Amino acid sequence: MIYRTPLYCRSFRCIAGDCRDSCCKGWEIDIDSSAYEFYQSVEGEFGERLRRSINDGSFVLTADERCPFLNEHGLCDIYTELGEDKLCRICSDHPRYFEWFGSFKEGGVGLCCEAAAKLILSSPFLLHEEEITFEEASGDYDEELMDLLLDARSEMFSVLSDESIPLDKALCRVLDIADEAQQYIDMPSAEHTGEYCGSALDAVFACFESLEPIDESWLPYIRKCRTMLGSAPATDSAHQPYLRRIALYIIFRYLLKSVYDGEVLGYAKFAVVSVIVISSLYRCRASVKGSCGFGECADIAKDYSKETEYCEENMEQLLKLFSTEAFFSSDILKELLGGI
């Protein structure tokens, strides 16, 4: 079967102890059945430590929400004691993600990782394909719909990758392409089409304030930025390539999921809204610091990703709001794109 990934994935390397926002902190770490069985068989003092640290199929986090095997040097004791191949699947895969679609598979690295975020923002978006051993897909789907989605996504990639097209215009076209595809799934297009009075950007930020936070510092940060929206400087042109690559990352990662859930316009809106919000956060950072450099841009995108796409409940809530709230209508989003 065909396995398709962004070319930059070949360059990804975990930075382990140098990571400032370790994936071994603040996350529940589920243990797959194969790793669990192996951990039960490990002998000696380390085996006892393993079994004491597991409860109900997960590692028991410390009081400060660290994995019990994350040592003072930011390294994993399971890795150093037993070897890389003895990590549980979630630890071995993260931040990699995978999707199976019948005769092909896709994957990449997630924006929520510090090292991956820098790679995504700094690398041209090019896809690589290779033949791999066949792997079973997660479910059946409409082949005709998949063909339509692949064509729609290819057109989105083409528009977003063409730097002669201003980013706001490219993203407006992405919404139009998605709307056309959505009409194949349901007529009329499933979105709120009414008018909205007031500051749509403020309403968008208010929506993000209502989501369940992953990190306790996120909500105070969003609230503070919301108060600065009206006075923040214009978008720095140096940020445009980063924002363009974020949009490409989201479209690649999510659009084909709509073959299962029908949310083609919702996923396109997620890409657009993400660019609008992240661009605004860049502006707010520049308002405070005088500028927002590459490292800060990558950190902001990483934190945003962590709080949205890496919380299943938040993604479900956003997709619902995209079709019910007037300030998330395609027309309003197109107006907001003029400010990026």
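This tour moves from the whole chain to one strand and its partners, and then to the nonpolar cores.

**The whole chain**

Begin with the entire chain displayed as a cartoon, bearing in mind that the model is predicted. The chain contains 15 helices and six strands. Its radius of gyration is 21 Å, close to the 20 Å that the globule rule gives for 340 residues, so the chain is as compact as a globular protein of that length. Aligned on its principal axes, the C-alpha trace spans about 65 × 50 × 35 Å.

Switch next to a surface display. About 16300 Å² of the chain is exposed, and carbon and sulfur atoms supply 47% of that area. Of the 340 residues, 51% are buried. Among contacts with a separation of 6 or more, 77% are between residues 24 or more positions apart.

**Strand S5**

Select residues 104–109, which form strand S5. Is this strand mostly covered or mostly open? Strand S5 is mostly covered, with six of its six residues buried. Display the side chains and look along the strand. In a regular strand, side chains alternate between the two faces of the sheet. In S5, Phe104, Glu106 and Gly108 point one way, while Lys105, Gly107 and Val109 point the other way. Both sets are buried, including the charged residues Glu106 and Lys105.

**The partners of S5**

Add residues 2–6, strand S1, to the selection. S1 and S5 run parallel and are joined by three bridges. To locate one bridge pair, pick tyrosine 3, whose partner in S5 is lysine 105.

Now add strand S4, residues 96–101. How do S4 and S5 run relative to each other, parallel or antiparallel? They run antiparallel, joined by six bridges. Arginine 96 has valine 109 as its bridge partner in S5. Follow the backbone from S4 into S5: the hairpin has two residues between the strands, and glycine 102 takes a positive phi near 60 degrees there.

**The nonpolar cores**

Hide the strands and select Leu121, Leu160, Leu171, Tyr282 and Phe328. These are the residues with the most contacts inside the largest nonpolar core, which has 98 residues. Which helix gives the most to this core? Select residues 264–289 to see helix H12, which contributes 15 residues.

For the last stop, select Ile29, Ala35, Phe46 and Ile54. These residues are among the members of a second, separate core of 15 residues.

Terms used:
Residues numbered from 1 in each chain as written. Predicted model: local features only at pLDDT ≥ 70, side-chain atom pairs only at ≥ 80, totals over all residues. Heavy atoms only, no water. Buried < 20%, exposed > 50% of the residue type's maximum accessible area, 1.4 Å probe, protein only. Helix = DSSP H or I, 4+ residues; strand = E, 2+ residues; numbered from the N terminus. Pairing = 2+ DSSP bridges. Core = buried A, V, L, I, M, F, W, Y, C linked by side-chain atoms within 4.5 Å. Rg over C-alpha atoms; globule rule 2.2 N^0.38 Å. Contact = heavy atoms within 4.5 Å. Areas by Shrake-Rupley, 256 points an atom, 1.4 Å probe, with all protein chains shown as cover.
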